[in-house]
Amino acid sequence: MKKGTIALIVIGVLVLIAIFSTVGKYNSLQRMRESVKSQWANVENQYQRRADLIPNLVNTVKGYASHESSTLEAVTDARARATQMQVNFEDLNDQTIANYNAAQGQLSSALGRLMAIAESYPDLKANQNFRDLQVQLEGTENRISTERKRFNDEARDYNTTIRQFPNNIIAGLFGFESIPYFAAEPGAATAPVVNFD
């Protein structure tokens with residue numbers, strides 16, 4: 001064989017290796033991105049579960065504390081704002097996550113006020129339906145926290161991968177961008193006051 005032919009074969013093999021490597025890395029990045037997208041759907045699912053529980057909770061409280069209408073309206077309004085806040089995964093950025101987080105935080109705050117009202121009504125606290133809804137809501141809040149953590153974990157893995165060499169080159173060529181994280185809500189660093197009086 002001539003040196004020119006050997007050189008062409010070597011170049012051809014190197015080009016094929018580069019192509020297969022690029023395709024493999026692209027597919028890997030795409031799988032990771034889909035995993036983050038799936039986890040985002042899990043976060044939204046848990047928030048929707050919470051929103052679905054709220055009308056029953058409000059109606060139960062309304063039966064016992066009808067003159068607390070301003071709090072009941074605040075919960076209903078906060079729920080409406082939170083459920084209207086739709087975030088398309090493709091548009092996910094720091095601002096959309098902050099807005100989504102703010103809407104959900106307002107709902108959490110309104111629910112907290114609703115639960116505080118329940119303390120003033122012993123008959124309401126003793127109502128089995130209210131207690132069941134309260135347990136489901138607490139469980140949902142735990143699920144939300146878990147799913148948000150999983151989302152952040154998936155986003156971290158993806159973000160780390162697209163920043164590593166040579167993945168950063170492929171990510172840049174094909175438009176893979178970093179995904180923002182859920183941050184703690186304002187005031188989360190302050191421990192809640194627990195009073196058993």
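Select Thr140 to begin: with a relative accessible area of 0%, this residue is buried (under 20% relative accessible area, against over 50% for exposed and in between for partly exposed, with a 1.4 Å probe and protein chains only). The model is predicted, so local features need pLDDT of at least 70 and side-chain atom pairs count only at pLDDT 80 or more, while totals for chains, interfaces and linings use all residues. Residues are numbered from 1 along each chain as its sequence is written, and side-chain values use heavy atoms, with hydrogens and water left out.

**Around Thr140**

Thr140 belongs to helix α5; helices here are DSSP runs (H or I, at least four residues), numbered from the N terminus. Now display the residues in contact with Thr140, where contact means heavy atoms within 4.5 Å. Neighbours within four places in sequence aside, these are Gln46, Arg49, Arg50 and Leu53.

**The largest pocket**

Keep Arg50 selected and add Ser108, Leu111, Gly112 and Glu141: of the 19 lining residues of the largest pocket, these five lie nearest its centre. A pocket is found on a 1 Å grid over the protein atoms alone, as an open set of points where a 1.4 Å probe fits, with protein on both sides within 12 Å along at least five of seven lines; lining residues have an atom within 4 Å of a point. The space in this pocket is about 660 Å³, a volume being that filled by probe spheres set on the points, which are joined across faces, edges and corners.

Colour the lining by helix next. At least two residues each come from α1 (3-64), α3 (94-118) and α5, and α3 gives the most, with eight. By residue class, the lining has six nonpolar, seven polar and six charged members (Ala, Val, Leu, Ile, Met, Phe, Trp, Tyr, Cys and Pro count as nonpolar, Asp, Glu, Lys and Arg as charged, and the others, Gly among them, as polar).

**Beyond α3**

Move to Ser120, in the loop between α3 and α4 (122-126). Ser120 counts as exposed because its relative accessibility is 55%. A C-alpha to C-alpha distance drawn from Ser120 to Ala102 reads 28 Å, for a separation of 18 residues in sequence.

**Further along α5**

Return to α5, which spans residues 128-163, and select Asn152. Asn152 counts as buried, at 18% relative accessibility. Sequence neighbours within four places aside, Asn152 is in contact with Tyr181 and Phe182. A polar atom of the Asn152 side chain lies 2.7 Å from the backbone nitrogen of Phe182.

Then select Arg156, also placed in α5, which is partly exposed at 39% relative accessibility. The C-alpha atoms of Arg156 and Tyr181 are 7.9 Å apart, although these positions lie 25 residues apart along the chain count.

**From Pro166 to Gly175**

Step to Pro166, in the loop between α5 and α6. The peptide bond joining Phe165 and Pro166 is cis, with omega about 0°.

Select α6 (residues 167-174), whose buried residues are Asn167, Ile170 and Ala171. Viewed down the axis of α6, they fall within an arc of 100°, so they line one face of the helix; the arc is that of the directions from the helix axis to the C-beta atoms. These buried residues pack against α1 and α5. The face turned away from the buried side carries the exposed residues Gly172 and Leu173. The tour ends at Gly175, just after α6, where phi is positive at about 75°.

Methods. A polar contact is a pair of N or O atoms within 3.5 Å; within protein, one must be able to donate a hydrogen and the other to accept it, and residues adjacent in sequence count only if both atoms are side-chain atoms.
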